[in-house]
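User: I am new to this structure. Please pick one part, look at it closely, and then show me how the rest fits around it.

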Amino acid sequence: MVSSSRRIAGSLFGRRQFVKGGLAGTLAAWGELSSGTAYASEQKPQDDGKRRPSHRVIDVHNHPRWLTLNGARIVENMDAVGIERTWLLSWELPEGELDPYYYSVLNPPGAGITFRDVIEVVERYPDRFIPGTTVDPRDPHAQDRLKAAVNIHRVRVFGEFKRRMRYDDPDVIRIFQYCGELGLPVIFHLDVTMPRHGVPNSWQWWYGGGLENMEAPLRLCPKTQFLGHAPGFWREISADADEEPLVYPKGKPIVGRGRILQFLEKFPNLHCDLSGGSGQVALSRDLEFTRKFLIDYQDRMFFGRDQFDNGLYDILVSLNLPAEVLAKILSGNALRLVPI
């Protein structure tokens, strides 16, 4: 947990904004997590003085050697805040598609977050992490590579899928369908080109398309379980997303029923990854709406961080959700998709 000012800087902005804000906030946040001094006030301290959730907690979205934390420090961080396990995800992409802002917070030997980093951390701490990775759908051997990752390294999740290509591309849909055959849930990252439905006004490093580009994969891959993530996904919680000029529309009330709600009703294989600045911004916009949203779709909500503070947990606790709902969000839904 971080102080309110740090949390706003580190949690309620996007990953790129978080990087731009400097690493001092990240390190400060981790230090507070380790000391247990800034946890949710609703939780009772344990005997060691650290505050931990009373529910079982599984983080469905984090990365190895990311934001300056290696495997050992991630485990210390998890212990400090009571996280039992983490889905540890790679982010595979060509070097030419990596936004230069990320070089300061990623492992220097490669581009993105490599599967090798995932493997090395998981093999050192097999009881704390569940490995995830992706493959390039344009690779004609993509299915074979993914199957080998499952067979050799016990990969359980396909993620984080974050590339500079539309997600309704036939090659992407083929991989998504294969994930369903292998029993791998898919965590997909959606950014959004601006202006919406117009000619992009600047170069974009990755996108996936809008949420509308996920309609074909969701329809054609009914056996595949999808978790939506990132600003291109979460801005669609409000019905005015097409007119919204900001990628992260902070502090604006939710209007009507956005595409996320429409898609959740239409596609039972769609779920919500609450992690990152995008998830926290969306949930913070309208707390009355958020509480009802989480209760109504309690079986489709997944706790994740994508960083190392406890901003999301603080929001969830502040909503005074029914205990059974909070338990599903913090771990029950994750255990249903990826049993331990």
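Analyst: One term first. A helix axis here is a line fitted to C-alpha atoms over the stretch in contact, and an angle between axes runs from 0 to 180 degrees between N-to-C directions. That will be needed further down.

The model is predicted. The part to look at is the sheet, with the helices that link its strands.

Start with the whole chain. Its secondary structure comes to 14 helices and eight strands. Of its 340 residues, 58% count as buried. Take the contacts between residues at least 6 apart in sequence: 78% of them join residues at least 24 apart.

Now the sheet. Eight strands form an open sheet, and the pairing is parallel. The order is S1-S2-S3-S4-S5-S6-S7-S8. At the edges are S1 and S8 (301-302), each of which pairs on one side only.

Look at S2, residues 85-89. Five of its five residues are buried, so S2 is largely enclosed by the rest of the structure. Buried here means under 20% relative accessible area. Both faces of S2 are covered. Arg85, Trp87 and Leu89 lie on one side, Thr86 and Leu88 on the other, and all are buried.

What flanks S2 in the sheet? On one hand there is S1, residues 58-62, which runs parallel to S2 and is joined to it by three bridges. Asp59 stands opposite Thr86 of S2. On the other hand there is S3, residues 129-133, which pairs with S2 in the parallel sense over four bridges. Here Leu88 stands opposite Pro131 of S3. Thr86 and Leu88 are on one side of S2; Thr86 faces a partner in S1, and Leu88 faces a partner in S3.

Helices link these strands. S1, helix H4 (residues 71-81) and S2 make a right-handed β-α-β unit. The next step uses H5, residues 115-124: S2, H5 and S3 make a right-handed β-α-β unit. S2 thus takes part in both units.

H5 deserves a closer look. Its buried residues are Phe115, Asp117, Val118, Ile119, Val121 and Val122. What covers them includes H4, S2, S3 and H6. Among these, S2 and S3 are the strands that H5 links.

Move along the sheet to S5, residues 186-189. Val186 and Phe188 point one way from S5, while Ile187 and His189 point the other way. All of these are buried. S4, residues 157-161, runs parallel to S5, and two bridges join them. The bridge partner of Phe158 in S5 is Val186. Val186 also stands opposite Phe226 in S6. S5 and S6 (residues 226-229) pair in the parallel sense over four bridges. Phe188 has Gly228 as its bridge partner in S6.

The path through S5 again runs over helices. From S5 the chain crosses through helix H8, residues 215-220, to S6, and this β-α-β crossover is right-handed. Before that, S4, H7 and S5 make a right-handed β-α-β unit.

H7 (residues 170-182) brings us back to the opening term. The axes of H7 and H6 (residues 142-153) come within 11 Å and cross at roughly 30°. Angles under 35 degrees count as roughly parallel. H6 and H7 are therefore roughly parallel to each other. Their crossing is right-handed. H6 makes the contact with Ala142, Gln143, Leu146, Lys147 and Val150; H7 makes it with Arg174, Ile175, Tyr178, Cys179 and Leu182. H6 is also among the elements that cover the buried residues of H5.

Compare another helix pair. H11 (residues 276-284) and H12 (residues 287-296) pack at about 110°, with their axes 7 Å apart. That makes H11 roughly perpendicular to H12. The contact uses Ala282, Leu283 and Ser284 of H11, and Leu287, Thr290 and Leu294 of H12.

Finish at the edge strand S8, 301-302. Lys328, in helix H14 (residues 323-337), is in contact with Met301. Leaving aside neighbours within four places in sequence, Lys328 also contacts Gln298, Asp299 and Asn333. At 27% relative accessibility, Lys328 counts as partly exposed. His55 is 273 residues away from Lys328 in sequence, yet their C-alpha atoms are 9.5 Å apart.

Definitions and conventions. Residues numbered from 1 in each chain as written. Predicted model: local features only at pLDDT ≥ 70, side-chain atom pairs only at ≥ 80, totals over all residues. Heavy atoms only, no water. Buried < 20%, exposed > 50% of the residue type's maximum accessible area, 1.4 Å probe, protein only. Pairing = 2+ DSSP bridges. Right-handed = clockwise from strand over helix to strand, strands pointing away. Parallel < 35°, antiparallel > 145°, perpendicular 65-115°, else oblique. Left-handed = near helix turned anticlockwise from the far one by under 90°. Contact = heavy atoms within 4.5 Å.
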